[in-house]
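I sat down with this one and kept a running notebook. Here is what I looked up, entry by entry.

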Amino acid sequence: MAGKLSSDTIQTLVLLWVFTWGAMFLMVVRLIMRKVRSQKFDLGDKLTFLAMFCLMARLGFIHVVLIWGSNNVSAAFRAKHKFTSWEIYQREMGSKLTITSRPFYNTYLWVQKSVVLALYQRILSDVYHTKIIIKAYWAILVVTYVIIQVAVFTDCRPIHLYWQVVPDPGTCSQALGELVILGGLNIFTDILLIILPLPTLLKVNKSLGSKLRLLSLFSLGIFLVIITVIRLPFNIKEGGMQINRTTWASVEAFTAAFVANIPTLYTLRRALPERASELERGNGRKMEGWTEDGKSSRDGASTIGRSPTPTKSQTGAPYQKHKLAQKSVEIQERRKAMFIPPIPPKDDVVLGGWDRKARIKDGKVEYTGGREWDVEKEELKVEPLQIRKARIVAGKVEYTEGREWDVKSERLSVDSLIMFSPKI
């Protein structure tokens, strides 16, 4: 734009940079915390890299657009303003950069939605029918993404009207059709993502306060819906003017990053206690005896064929150590499953039933051949033991076939303290 920048343009530039770097800060912190916790990048983290690239590309494009202007000006401005050849060049380039930035911005929004869906896919993987629902959600995201990208380039016909300055290209350069389609699909997909985890969250065996905390954490997407609902009327009323459109898009970009990254940052906010880390490495004290018939027996008593009954191990120092081990398990589960405990697999579907009493001790699965543990002395009443080195990952037992785990790069999971004995 020729001449001095208006106060509105300067304010919009400031908001553009503040909200963009606010979103970048959230995404960078997410990636740094993942490495600080010695965790590998998951699908959501890899998508976050793509989101960062798209957001920075949009920042560069829109910064130039705000300085040079575009062909999207009011009729009153055209009536009293005479465009110079240099200004026409600037506005043409600004208009081309505008249409170039829109696919990057749309990609950014849909990538952030994919980050949320990737999180749901991980924490709801054991819920019945979830795999089918997740696949349907991925398909919806792909279809809606294609629709909005097609809409970007089909609002103006012929396409050169997108950047034509003189003569007046008409209203198609305002891209109101694309704006409405983007807003509608945004609301639709955001509501779907809010709904997805709700049935599982409501069934979690937690206190009311914990449930409300989880619901609020996974319902942050409602802010995106609110912003879109407010934004659409304003943008349409202003004829899609660039300053107004850029301001609302910058707010939406930051909110999308907030919604997509806060749940993960919440789980990465603290490290495991020192005691839990020792147990992960296999250096902790041994656990109380246990048995399993499909549900965890956390008190050292057998649950096969009868209700758990208290034992002497439930009082005193040994029981307190046992409770500490339980706490470490809960901490690890919260980090991996957003406080949503995995649903045990159905015996007749996955594991074929529970028919062996076992425990994991020093990274090894010990089977008793159906006989009882002496839970007070922490010994078997009979020998020999059937021992295989193992760990539990994602609710499944993995065996090393006699090899040691590389505990430096991939620590023995605290999940190994969750006592269950699958049929082999």
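**Entry 1: a glutamine inside**

I started with Gln112, which counts as buried at 2% relative accessibility (buried means under 20% relative accessible area, exposed over 50%, partly exposed in between, with a 1.4 Å probe and protein chains only). Before going on, I noted that this is a predicted model, where local features need pLDDT of at least 70, side-chain atom pairs count only at pLDDT 80 or more, and totals for chains, interfaces and linings use all residues. I also noted that residues are numbered from 1 along each chain as its sequence is written, and that side-chain values use heavy atoms, with hydrogens and water left out.

Gln112 sits in helix 4 (residues 85–123). Helices here are DSSP runs of H or I with at least four residues, strands are runs of E with at least two, and the numbering goes from the N terminus. Which residues does Gln112 contact, leaving aside its neighbours within four places in sequence? I found Met27, Ala51, Ala256, Ala257, Ala260 and Asn261 (contact means heavy atoms within 4.5 Å).

**Entry 2: another look at helix 4**

Thr107 is in helix 4 too, and at 13% relative accessibility Thr107 counts as buried. Skipping neighbours within four places in sequence, I listed Cys54, Tyr145 and Gln149 as contacts of Thr107. Cys54 is buried, at 4% relative accessible area. The C-alpha atoms of Thr107 and Gln149 are separated by 8.5 Å, with their positions 42 residues apart along the chain.

**Entry 3: helix 10**

Asn261 from my first list made me check helix 10 (residues 242–267), which has 26 residues. From first C-alpha to last, helix 10 reaches 38 Å, close to the 38 Å expected; the expected span is 1.5 Å times one less than the number of residues. There is a kink of about 40 degrees at Asn261, shortly before Pro263 (the bend at a residue is the angle between axes fitted to the seven residues ending there and the seven starting there). I counted 19 of the 26 residues of helix 10 as buried, so this helix is largely enclosed by the rest of the structure.

**Entry 4: nonpolar cores**

Next I looked for nonpolar cores, meaning sets of buried Ala, Val, Leu, Ile, Met, Phe, Trp, Tyr and Cys residues joined through side-chain atoms within 4.5 Å. The largest has 46 residues, and Met27, Tyr108, Tyr120 and Phe218 touch the most other members. Helix 4 gives the most to this core, with 11 residues. A second, separate core has 6 residues, including Cys156 and Tyr162.

**Entry 5: the loop between helix 5 and helix 6**

How many disulfides are there? I got 1, taking a disulfide as a pair of cysteine sulfur atoms within 2.5 Å. The pair is Cys156 and Cys172, with sulfur atoms 2.1 Å apart. Both cysteines lie in the loop between helix 5 (130–152) and helix 6 (176–195), so the pair ties together parts that are 16 residues apart in sequence. Cys156 and Cys172 are both buried.

I wrote myself a reminder: most residues other than glycine have a negative phi, and most peptide bonds are trans. In this loop, the peptide bond from Arg157 to Pro158 is cis, with omega near 0 degrees. Val166 and Pro167 are also joined by a cis bond, with omega about -5 degrees. Ala175, found in the loop between helix 5 and helix 6, has a positive phi of about 55 degrees although it is not a glycine.

**Entry 6: salt bridges**

I searched the whole structure and noted 10 salt bridges (a side-chain nitrogen of Lys or Arg within 4 Å of a carboxyl oxygen of Asp or Glu). One of them joins Arg30 and Asp45 at 2.7 Å, N to O. Arg30 lies in helix 1 and Asp45 in helix 2, so the pair ties together parts that are 15 residues apart in sequence. Are these two buried or exposed? Arg30 is buried at 2%, and Asp45 is buried at 0%.

Asp42 forms a salt bridge with Arg122, the closest N and O atoms being 3.9 Å apart. Last note: Arg30, Arg34, Asp42, Asp45 and Arg122 are linked in a network of salt bridges.
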